[in-house]
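Ready for some practice in reading a protein structure? Take your time over each exercise, and look for the residues yourself before you read the solution.

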Protein chains: 2
Amino acid sequence: MLSQTFKDRLIQIVGKENVDDSKAGRLVYSYDATPQFQSMPDIIASPRNTKEVADIVKLCSECKVPIVPRGSGTNLCAGTCPTEGGLVLLFKHMNQIIEIDEENLTITVQPGIITLDMIHAVEEKGLFYPPDPSSMKISSIGGNINENSGGLRGLKYGVTRDYVLALEIVLPNGDIIRTGGKLAKDVAGYDLTRLFVGSEGTLGIITEATLKLIPMPETKKTMLALFQDLEAAARSVSKIIANKIIPTTLEFLDQPTLIAVEDFAKIGLPTNVKAVLLIEQDGSPEVVNRDMDKMAAICLEEDAEAVQVANSEEEADALRTARRVALSALARLKPTTILEDATVPRSEIAKMVRAINEIAEKYRVNISTFGHAGDGNLHPTCLTDVRNKEEIERVEQAFAEIFEKAIELGGTITGEHGVGVMKAPYLEWKLGKEGIAAMKAIKASFDPLNIMNPGKVFAKDSRKRVVVTR
Amino acid sequence: MLSQTFKDRLIQIVGKENVDDSKAGRLVYSYDATPQFQSMPDIIASPRNTKEVADIVKLCSECKVPIVPRGSGTNLCAGTCPTEGGLVLLFKHMNQIIEIDEENLTITVQPGIITLDMIHAVEEKGLFYPPDPSSMKISSIGGNINENSGGLRGLKYGVTRDYVLALEIVLPNGDIIRTGGKLAKDVAGYDLTRLFVGSEGTLGIITEATLKLIPMPETKKTMLALFQDLEAAARSVSKIIANKIIPTTLEFLDQPTLIAVEDFAKIGLPTNVKAVLLIEQDGSPEVVNRDMDKMAAICLEEDAEAVQVANSEEEADALRTARRVALSALARLKPTTILEDATVPRSEIAKMVRAINEIAEKYRVNISTFGHAGDGNLHPTCLTDVRNKEEIERVEQAFAEIFEKAIELGGTITGEHGVGVMKAPYLEWKLGKEGIAAMKAIKASFDPLNIMNPGKVFAKDSRKRVVVTR
């Protein structure tokens with residue numbers, strides 16, 4: 001319980017209308033897009049500017065109240081679930097585009113802006129901001145930066161990290177710092193900018209960001225390749241890259257996902273094939289046409305049943321939508337959907353897809369797989385029901401084994417969703433005790449009171465490694 | 001003075017032939033490519049593997065002996081000058097390519113490999129490692145990573161940071177950790193990989209690195225644009241980017257640099273113009289031809305006197321060489337050459353070039369300027385003589401004012417050379433006290449005994465800001 005004094009002081013900082021400790025208000029921010037995690041915050045505050053954020057941080061620091069900065073709560077790692085109560089910080093007033101700089105190809109924004117709104121503003125200038133997390137219609141840029149969001153264009157264009165040039169940050173002690181600049185090159189000290197990207201709100205509060213833009217590619221083409229064999233699809237992915245083509249998008253959907261998507265979106269997807277690859281290339285027309293032809297030929301060589309090139313932007317958009325709605329479509333089928341993002345080097349995708357299917361069978365759980373095949377970032381998705389405790393236990397065992405397999409193949413426990421609460425027990429599998437210790441030392445050096453999004457990234461207890469019998 | 005016991009234990013770790021504390025041996029490693037900095041180390045050690053590095057680190061930690069990891073010493077910030085004595089760590093035995101992975105487009109190397117040797121090996125496979133610091137014939141990859149080296153292709157392709165996927169690191173406590181992987185996406189905890197890139201050997205010792213490769217562009221073209229007006233050259237740079245063309249290279253050389261280079265290399269450069277831009281584009285032939293035509297037209301619109309396209313790879317190579325030898329050519333003219341790399345947003349290049357010339361005049365010092373105009377990373381280069389104390393004082397005042405101007409224009413004190421000892425007193429100008437405090441906290445959390453390259457990045461005293469009269 002927070003004291004009345006704390007509440008009064010908070011109201012002094014942001015105004016009465018920007019503080020909410022009603023039960024209904026707190027309930028709204030007690031969970032995010034991650035199933036199975038809920039915890040009530042004590043109070044919600046919506047600061048109007050950086051100074052107010054700094055004052056809130058100082059107040060929370062003085063009173064040792066946890067702060068959970070929250071964008072739109074679309075993350076899938078319970079990263080914004082207020083597991084230790086405290087104050088949820090919203091950015092609904094800090095959602096402006098400060099500047100689009102067409103000479104330096106940058107945009108400067110406040111953290112609360114919705115990703116897609118920002119992308120539209122950028123595209124109006126003929127410019128391009130490539131990171132496109134599937135949640136971009138709802139997600140905020142502040143959330144994207146804190147989670148280092150990926151998306152469908154990561155293979156060619158990288159992830160959020162690759163576009164963050166400068167940050168304004170409120171540190172846990174209330175200091176306001178600025179990192180980086182509108183600069184392609186800056187080596188003045190440690191790279192605090194990238195340290196904060198993906199730090200999940202555990203090191204400080206990002207209050208402004210300058211992002212890199214690039215010229216909009218001239219043209220884009222989209223196609224589907226249909227396979228009766230999962231491994232043929234995976235082989236095609238490897239072969240495309242080995243042929244020195246880097247497409248914008250190289251997405252994989254398995255048959256259960258295809259059926260769910262078609263049932264949901266009715267876009268005429270083939271549902272009688274075992275897997276499809278959604279392939280896109282952008283750039284100059286000559287390069288796009290040549291690359292698309294080459295990729296189609298490679299898929300056919302690798303036993304694709306057919307290759308369908310979208311004939312219009314509408315058709316292309318329908319195909320992209322098919323991929324983007326995969327999660328929503330699957331989520332309709334069962335009360336609980338658990339989406340994971342074990343990631344492997346792209347050469348290991350065939351092995352990983354095979355392992356996921358074997359593990360699902362072993363634990364008798366229902367797992368569909370789709371994801372960013374081109375960058376090895378798969379989303380095995382389990383349809384289940386949290387009320388079935390016995391099944392949920394098998395689901396957790398299955399995912400633990402999936403994480404173990406990903407690491408065994410040189411991969412990671414999370415490619416783009418973050419660690420949060422959900423993956424924290426597995427982090428040691430990837431980093432070892434020594435790596436965790438190094439990260440904890442960084443956390444302690446920034447936030448000795450542990451008030452910044454406590455309980456995230458670092459687990460109280462690590463899971464034991466599953467003994468995989470080979 | 002190190003004890004005999006320390007020396008004996010070091011010999012036990014790496015063998016007698018890999019330890020040198022002779023005066024001649026120590027003298028060799030008492031300085032690097034940075035003028036005006038020299039300091040004797042106590043001993044030199046050349047470990048043969050990661051285990052030996054870890055054992056050395058543990059020994060130095062126990063005995064509180066500073067460790068200065070050193071590649072080829074080509075840095076320009078006195079980053080490898082052993083200012084506090086101690087042990088210089090060489091990587092001459094750890095210079096192998098461990099693997100080129102053509103399926104995942106990665107190369108894994110030991111830190112001691114020479115950058116250009118690695119690039120040649122990569123190019124033999126039809127692949128491309130873009131970062132190309134001017135020192136690449138001599139520099140090592142370990143040094144490049146520790147300094148986050150840039151180069152001539154930074155505008156289009158980014159810097160070393162953008163290509164480091166995974167590291168093996170020996171921490172100051174002797175722990176060996178592995179960060180990242182052959183993964184385009186990995187958000188398992190804080191981004192230790194990028195924190196170590198550019199950390200100048202102050203946080204740990206990098207013993208292995210996996211770097212991202214990309215397909216080799218199909219073709220490349222090179223041209224020179226000649227200007228009688230510095231600002232017309234700068235305007236052309238801005239206009240090219242504003243026209244949504246991102247060339248591979250967009251380099252600037254002023255007249256004094258041109259004269260020095262031509263005198264040195266005799267390649268037929270025009271010396272009767274005030275400035276040239278060296279422009280390159282790579283990619284598919286159609287795109288390259290179109291972009292080159294557009295860029296030539298823009299330069300001519302902006303009053304370029306002439307545009308000369310290289311007609312052969314030999315001609316192109318001569319032009320690139322002109323830029324690459326700029327420092328060596330200038331260095332011949334006077335006993336001491338001080339090369340700086342104040343960096344500004346590219347929209348501010350014209351203002352920055354003008355300010356550099358005004359400052360040079362004000363302090364009556366001889367400054368030539370060349371550099372990476374496309375990314376705002378300029379190299380004002382002062383020809384002087386360290387023996388002339390009075391002049392050196394004016395040179396230092398001039399550079400302080402140049403740094404101040406760069407920051408005023410939204411830039412930074414160093415774009416690609418690093419902070420080291422040389423720029424440490426100015427770091428606070430860029431980061432503020434609060435930013436420095438955050439970085440020092442990171443340093444203390446990794447290296448509480450301050451044995452890792454001590455005296456670098458953080459200065460004992462900060463310089464006062466120059467009062468610029470406007």
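The exercises below concern a predicted model, and each one comes with a worked solution.

**Exercise 1. Find which strands stand at the edges of the open sheet of 7 strands in chain B.**

Step 1. Start with the order of the strands. In chain B, 7 strands form an open sheet in the order 15-12-14-13-17-18-16, with antiparallel pairing.

Step 2. Look at the two ends of that order. Strand 15 (304-309) and strand 16 (336-339) of chain B each have a single partner strand, so one side of each is left without a neighbour in the sheet.

Step 3. Add the twist. On average, neighbouring strands of this sheet are turned by 20° against each other, direction ignored.

Step 4. Check one pair by eye. Strand 16 of chain B pairs with strand 18 (residues 377-384) of chain B in the antiparallel sense, over 4 bridges. Within this pair, Thr336(B) stands opposite Thr384(B).

Step 5. Now place two helices. Helix 9 of chain B packs on the sheet and touches strand 13, strand 14 and strand 17 of chain B. The direction of helix 9 makes about 90° with that of strand 13 of chain B. Helix 13 (residues 349-362) of chain B packs on the sheet too, touching strand 13, strand 17 and strand 18 of chain B. Here the angle with the direction of strand 18 of chain B is about 15°.

**Exercise 2. List the buried residues of helix 9 of chain B and say what they pack against.**

Step 1. Go through residues 255-265 of chain B. The buried ones are Thr257(B), Leu258(B), Ala260(B), Val261(B) and Glu262(B).

Step 2. Look at their surroundings. These buried residues pack against strand 13 (249-254), strand 14 (275-283), helix 11 (313-324), helix 12 (326-331) and strand 17 (367-372) of chain B.

Step 3. Look just past the end of the helix. Lys266(B) follows helix 9 of chain B and has a positive phi, near 45°.

**Exercise 3. Decide whether Thr160(B) is buried or exposed, and describe its surroundings.**

Step 1. Locate the residue. Thr160(B) sits in the loop between helix 6 (154-157) and strand 8 (164-170) of chain B.

Step 2. Use the relative accessible area. For Thr160(B) this is 0%, so the residue is buried.

Step 3. Name the contacts. Leaving aside residues up to four places away in sequence, Thr160(B) touches Tyr129(B), Pro131(B), Asn144(B), Ile145(B), Asn148(B) and Ser149(B).

Step 4. Pick out a polar partner. The side chain of Thr160(B) reaches the backbone oxygen of Ser149(B) at 2.7 Å.

**Exercise 4. Work out how many disulfides the structure holds, and explain why Cys81(A) has no bond to Cys77(A).**

Step 1. Count over all chains. The structure holds 0 disulfides.

Step 2. Try Cys63(A). The nearest cysteine sulfur, in Cys60(A), is 7.3 Å away, and Cys63(A) is in no disulfide. Cys63(A) counts as partly exposed because its relative accessibility is 34%.

Step 3. Try Cys81(A). Its closest cysteine sulfur is in Cys77(A), and at 10 Å this is too far for a bond. A disulfide would need the sulfur atoms within 2.5 Å. Cys81(A) is buried, with a relative accessible area of 1%.

**Exercise 5. Follow strand 6 of chain A and identify the strands that pair with it.**

Step 1. Look at the side chains. Thr106(A) and Thr108(A) point one way from strand 6 (residues 106-109) of chain A, Ile107(A) and Val109(A) point the other way, and all are buried.

Step 2. Take one partner. Strand 5 (residues 97-101) of chain A runs antiparallel to strand 6 of chain A, and 4 bridges join them. Glu99(A) stands opposite Thr108(A) in this pair.

Step 3. Look at the turn. The hairpin of strand 5 and strand 6 of chain A has 4 residues between the strands, and Leu105(A) takes a positive phi near 55° there.

Step 4. Take another partner. Strand 10 (residues 205-212) of chain A pairs with strand 6 of chain A in the antiparallel sense over 4 bridges. Thr108(A) stands opposite Thr210(A) in strand 10 of chain A.

Notes
Residues numbered from 1 in each chain as written. Chains lettered and ligands numbered in written order. Predicted model: local features only at pLDDT ≥ 70, side-chain atom pairs only at ≥ 80, totals over all residues. Heavy atoms only, no water. Buried < 20%, exposed > 50% of the residue type's maximum accessible area, 1.4 Å probe, protein only. Polar contact = N/O pair within 3.5 Å; in protein donor to acceptor, adjacent residues only side chain to side chain. Contact = heavy atoms within 4.5 Å. Pairing = 2+ DSSP bridges. Axes fitted to C-alpha atoms, helices over the stretch in contact; angles between N-to-C directions.
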